[in-house]
Amino acid sequence: MNKNLSLFIAAFLLLTPAALATDFVSTSNLTGFQLPNGALELTDDDFSDEMVEVLEDVAGSLNGKCQYHELLYWEGNPTTIAKNLNAKIPKAFAYKSLGVGETGDGGAYEQFVLTTPKMWYGGVWFQGDKDAILAWCSVVRK
């Protein structure tokens, strides 16, 4: 696991119980994708510098940088949430996993990109036993 991701995970795990939500949302403000039920959009204050660095690393894999970002949280079965989210991603997007790993608390994460010829998104999916977090950004080419 890279240093930035380790720092982000440690910081986020400490902040998650105190995270401030803006609202429950059914559609992503970033992508316009429909979201699984129960998506809680977290505020920009919950986006740590480490998270921005992690997303910039993902965006770099597309030879780009993050323009806008979004942080979403779900309580529930992460496998079901992931399955529901994947079903709602338009078929025009190509999915590419950049790597998977484990978090310090026994959870897991995956870095990924979603692309079409005109749009690029980079993100990190975190899942614990009973919750999931999605941090993603729109990517603009450098």
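Q: What makes the link between the backbone nitrogen of Met-51 and the side chain of Ser-48 a polar contact?
A: The backbone nitrogen of Met-51 sits 3.0 Å from a polar atom of the Ser-48 side chain. A polar contact is a donor-acceptor pair of N or O atoms within 3.5 Å, with sequence neighbours counted only if both atoms are side-chain atoms. The model is predicted, with pLDDT of at least 70 for local features and 80 or more for side-chain atom pairs, while totals for chains, interfaces and linings use all residues. Numbering starts at 1 along each chain as its sequence is written, and side-chain values use heavy atoms, leaving out hydrogens and water.

Q: Why is Ser-48 called buried?
A: Its relative accessible area is 13%. Buried means under 20% (1.4 Å probe, protein chains only), so Ser-48 qualifies.

Q: Where does Ser-48 lie?
A: Ser-48 is in the loop between strand 2 (34–42) and helix 2 (49–60). Helices (H or I, at least four residues) and strands (E, at least two) are DSSP runs.

Q: How many helices and strands does the protein chain have?
A: Three helices and seven strands. Their order from the N terminus is α-β-β-α-β-α-β-β-β-β.

Q: How much of the protein chain is buried?
A: Buried residues are 44% of its 142 residues.

Q: What share of the contacts with a separation of 6 or more joins residues 24 or more positions apart?
A: The share is 58%. A contact means heavy atoms within 4.5 Å.

Note on methods:
Buried < 20%, exposed > 50% of the residue type's maximum accessible area, 1.4 Å probe, protein only.
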